[in-house]
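Got a structure open and not sure where to begin reading it? Let's walk through one together, feature by feature.

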Amino acid sequence: MNTRDVQAALLSLGYSLTIDGVAGPKTKTAVQAFQRGRGLAADGIVGPQTVKALQAAVAEKTEQKVELGVVPAGWMPAARLERIIVHWTAGSHRASGLDRSHYHILIEADGKLVRGTPSIAANGVGASGTRANHTLNCNTGSIGVALCCMAGAVESPFQAGSAPMTAAQWKALPPVLADLCRRYSIPATPKTVLSHAEVQGTLGIKQRGKWDISRLAFDPTVVGARACGDIFRSETLRFHHS
Ligand SMILES: [Zn+2]
């Protein structure tokens with residue numbers, strides 16, 4: 001770590017200084033404060049121990065940011081959920097009242113999250129109440145997340161219809177899945193975090209030709225339910241530390 005690296009690390013940890021590459025009095029004061037906070041000798045010298053502590057502190061801070069999440073805590077009440085099923089609404093780029101009645105969390109075209117009407121808790125194992133019916137014969141224990149898109153889409157030959165899936169909503173999906181995985185202790189495996197299009201093949205529950213999500217309108221090189229599912233699962237793992 002050179003002086004600039006040390007200054008950048010201290011700045012990201014909330015110490016007040018400027019990154020100028022000069023180890024002046026302000027930098028020394030910040031180093032000493034950091035050392036005191038970590039139980040090190042406060043000599044203001046950045047030796048191997050202080051470097052190690054700085055790197056660890058920055059890593060912790062990065063992890064905390066990820067831990068903060070994107071799904072409001074109030075949307076995730078206590079319940080026993082076993083899997084997350086990802087859909088598209090086959091509607092417009094915005095969440096309609098009808099869309100909201102079928103899913104727990106919806107992602108609009110610009111990546112904005114909208115809460116569905118039924119509570120996630122209603123789909124919990126052993127729960128009662130008005131649940132979200134999003135997947136035929138597979139709603140108990142299943143959280144339904146939907147991207148608002150793909151009205152009038154055709155599977156083959158592929159046509160994205162009047163509301164093609166956007167890169168922004170696709171990108172917004174993995175952090176949502178990671179929050180749900182963490183909250184409900186669901187591992188991001190092919191059987192537990194999957195698209196509607198994967199349900200029949202992976203869980204053996206017939207779905208009458210549902211193909212959400214087996215195409216990405218903004219990236220024609222990705223074809224097939226498994227290919228799409230593998231992308232959101234691996235991206236989810238990047239956010240999900242457990
Ligand atoms: Zn679906």
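What follows is a chat between a learner and a teacher about this predicted model.

Q: Let's start broad: into which domains is the protein chain divided?
A: There are two entries to keep in mind: domain 1 covers 3-68 and domain 2 covers 73-239. Taken over C-alpha atoms, the centres of domain 1 and domain 2 are separated by 41 Å.

Q: How do I read a sheet, and what is the strand order in the open sheet here?
A: The general idea is that strands of a sheet pair through backbone hydrogen bonds, and the pairing can be parallel or antiparallel. In this model, five strands form an open sheet in the order S3-S2-S4-S1-S5, and the pairing is mixed. Strand S3 (113-115) and strand S5 (193-195) are the edge strands, each pairing on one side only. On average, neighbouring strands of this sheet are turned by 25 degrees against each other, ignoring direction.

Q: How many bridges join S1 to S4, and do they run parallel or antiparallel?
A: S1 and S4 run parallel and are joined by six bridges. To find the register, look for Arg-83, whose bridge partner in S4 is Ser-142. Further on, His-87 stands opposite Ala-146 in S4.

Q: And in what sense do S2 and S4 pair?
A: Strand S2 (residues 105-107) pairs with S4 in the parallel sense, over three bridges. Here Leu-106 stands opposite Ala-146 in S4, while Ile-107 has Leu-147 as its bridge partner in S4.

Q: Which way do S1 and S5 run, parallel or antiparallel?
A: Parallel again: three bridges join S1 to S5. For a landmark, take Val-86, whose bridge partner in S5 is Ser-195.

Q: Why is S4 called largely enclosed by the rest of the structure?
A: Because six of the six residues of S4 are buried. To see how that plays out on each face, remember that in a regular strand the side chains alternate between the two faces of the sheet. In S4, one side has Ser-142, Gly-144 and Ala-146, the other has Ile-143, Val-145 and Leu-147, and all are buried, leaving both faces covered.

Q: What about S1: which residues point which way?
A: Arg-83, Ile-85 and His-87 point one way from S1, Ile-84, Val-86 and Trp-88 the other way, and all of them are buried. S1 is therefore largely enclosed by the rest of the structure too, with six of its six residues buried.

Q: Can we zoom in on a single residue: why does Gly-144 count as buried or exposed?
A: First, its place: Gly-144 sits in strand S4 (residues 142-147). The cut-off for buried is 20 or more other C-beta atoms within 10 Å. Gly-144 has 25 within 10 Å, so it is buried. Leaving out residues up to four places away in sequence, Gly-144 touches several residues, including Ile-85, His-87, His-102, Tyr-103 and His-134.

Q: For contrast, why does Ser-12 count as partly exposed?
A: Ser-12 lies in helix H1 (residues 3-12). Partly exposed is the class between 12 or fewer and 20 or more neighbours, and Ser-12 lands there because it has 13 C-beta neighbours inside 10 Å. Its contacts, not counting residues up to four places away in sequence, are Val-58 and Lys-61.

Q: Back to the sheet: which strands does helix H6 lie across?
A: Helix H6 (residues 196-203) lies across strand S1 (83-88) and S5, running at about 110 degrees to S5. Helix H7 (residues 225-239) also packs on the sheet, where it touches S1 and S5, and its direction makes about 145 degrees with that of S5.

Q: Which residues of H6 are buried?
A: His-196, Ala-197, Glu-198 and Val-199. They pack against S1, S5 and H7. Just after H6, Gly-204 takes a positive phi of about 70 degrees.

Q: Last one: how do I read a helix crossing, say, where do the axes of H5 and H7 cross?
A: Check the distance, the angle and the hand. The axes of helix H5 (residues 167-184) and H7 come within 8 Å and cross at roughly 60 degrees. The crossing is right-handed. Among the residues making the contact are Leu-173, Leu-177 and Cys-181 of H5, and Phe-232, Glu-235 and Phe-239 of H7. By type, the contact of H5 with H7 has eight nonpolar residues, one polar and one charged.

Conventions. Residues numbered from 1 in each chain as written. Predicted model: local features only at pLDDT ≥ 70, side-chain atom pairs only at ≥ 80, totals over all residues. Helix = DSSP H or I, 4+ residues; strand = E, 2+ residues; numbered from the N terminus. Contact = placed C-beta atoms within 7 Å. Pairing = 2+ DSSP bridges. Axes fitted to C-alpha atoms, helices over the stretch in contact; angles between N-to-C directions. Left-handed = near helix turned anticlockwise from the far one by under 90°. Nonpolar A, V, L, I, M, F, W, Y, C, P; charged D, E, K, R; others polar. Domains from an automatic or database assignment.
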